[in-house]
Amino acid sequence: MFKNISITAVTVLDQDEALDFYVGKLGFEVSNDVDMGFMRWLTISLPGDPDRHLLLEVPGPPSLSEEVAAQVRDLVTKGALGVACILTTDDCRGTYADLSAKGVEFTEEPVEQPYGIDCALRDPFGNHIRITQPATGPVEVTDADRARWNPGQAG
């Protein structure tokens, strides 16, 4: 029935600022930038994955009322919408160093996990982004991993 996921929406508060961040710092490319009159259709993709796009969407009409859009903007700035995307790399520590040099602020430094090495950041609006260098081979989660992830539930 379905072939793939082609577009995923990421809520942003300013599309030009989003371009500065996602294109200027993270290395995405603009795939569509269309003034539709009632909204700006702005999608980006990674050079190595041109068929999968992020829609950088400002909350508002026509899909949301002004009241609901204000609530969504508040949730975005609080980081309450969850993970916007998980980006994969062959070198998490190198990517972390490169992006840090470009002024990207991270919320978590690279850490070895059972599934690979990963780190985390937020975009200028509050969306969570993870960068992961996937592990090779099967993933094995240990009790020590579980205790580290849930320190209040160890035992």
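Which residue stands opposite Val34 in E3? I opened the notebook with this point, and I found that Trp41 is the residue of E3 facing Val34. I note at the outset that I worked on a predicted model.

**Entry 1. The chain as a whole**

I counted four helices and eight strands in the protein chain. Reading along the sequence, I recorded the pattern β-α-β-β-β-α-β-α-β-β-β-α. The C-alpha atoms occupy a box of roughly 55 × 45 × 35 Å along the principal axes. I noted that 33% of the 155 residues count as buried. I then looked at contacts between residues at least 6 apart in sequence, and 52% of these join residues at least 24 apart.

**Entry 2. The annotated region**

I consulted UniProt, where an unreviewed entry lists residues 4-134 as "domain: VOC". Over residues 4-134 I recorded 23% helix and 43% strand. The C-alpha atoms at the two ends of this stretch are 21 Å apart.

**Entry 3. The four-stranded sheet**

I traced an open sheet of four strands in the order E1-E4-E3-E2, and its pairing is mixed. Strand E1 (7-11) and strand E2 (29-35) stand at the edges; each has a single partner strand, so one side of each is left without a neighbour in the sheet. On average, neighbouring strands of this sheet are turned by 25° against each other, direction ignored.

I next examined the pairings one at a time. E2 and strand E3 (residues 40-46) run antiparallel and are joined by six bridges. The Val34 and Trp41 pair of my opening question links these two strands, with Trp41 in E3. The hairpin of E2 and E3 has four residues between the strands, and in this hairpin Gly37 takes a positive phi near 90°.

E3 also pairs with E4 in the antiparallel sense, here over four bridges. I found Thr43 opposite Leu55 in E4. These two strands, E3 and E4, form a hairpin with two residues between them.

**Entry 4. Helix H1 against the sheet**

I turned to helix H1 (residues 15-22), which lies across E1, E2, E3 and strand E4 (49-57). H1 runs at about 5° to E3. At the N-terminal end of H1 I found a cap formed by Asp14, with a side-chain oxygen 3.0 Å from the backbone nitrogen of Asp16.

Which residues of H1 are buried? I listed Gln15, Ala18, Leu19, Phe21 and Tyr22. Because they cover an arc of only 165° around the axis, they are on the same side of H1. The buried residues of H1 pack against E1, E2, E3 and E4, and also against strand E7 (116-122) and strand E8 (128-134).

**Entry 5. The loop between E4 and H2**

I looked up Pro59 in the loop between E4 and helix H2 (66-77). Is Pro59 buried or exposed? I entered Pro59 as buried, because its relative accessibility is 8% and the cut-off for buried is under 20%. I listed its contacts beyond four places in sequence: Pro59 touches Thr11, Val12, Leu64, Ala69, Val72 and Arg73. One of these, Ala69, is 10 residues from Pro59 in sequence, while the C-alpha atoms of the two are 5.0 Å apart in space.

Pro62 is found in this loop between E4 and H2 as well. I checked the peptide bond from Pro61 to Pro62 and recorded it as cis, with omega near 10°.

**Entry 6. Gln113**

I closed with Gln113, which lies in strand E6 (residues 106-113). Gln113 has a relative accessible area of 14% and is therefore buried. Leaving aside residues up to four places away in sequence, I found that Gln113 touches Asp118, Arg148 and Trp149. With which side chain does the side chain of Gln113 make a polar contact? I identified Arg148 as the partner, and the contact is 3.0 Å between the two side chains.

Notes
Residues are numbered from 1 along each chain as its sequence is written. This is a predicted model: local features need pLDDT of at least 70, side-chain atom pairs count only at pLDDT 80 or more; totals for chains, interfaces and linings use all residues. Side-chain values use heavy atoms; hydrogens and water are left out. Buried means under 20% relative accessible area, exposed over 50%, partly exposed in between (1.4 Å probe, protein chains only). A polar contact is a pair of N or O atoms within 3.5 Å; within protein, one must be able to donate a hydrogen and the other to accept it, and residues adjacent in sequence count only if both atoms are side-chain atoms. Contact means heavy atoms within 4.5 Å. Two strands pair if DSSP finds at least two bridges between them. Axes are lines fitted to C-alpha atoms, for helices over the stretch in contact, and angles run from 0 to 180 degrees between N-to-C directions. UniProt positions are given in the numbering used here, feature names are shortened, and annotations may be inferred rather than shown by experiment. The arc is that of the directions from the helix axis to the C-beta atoms.
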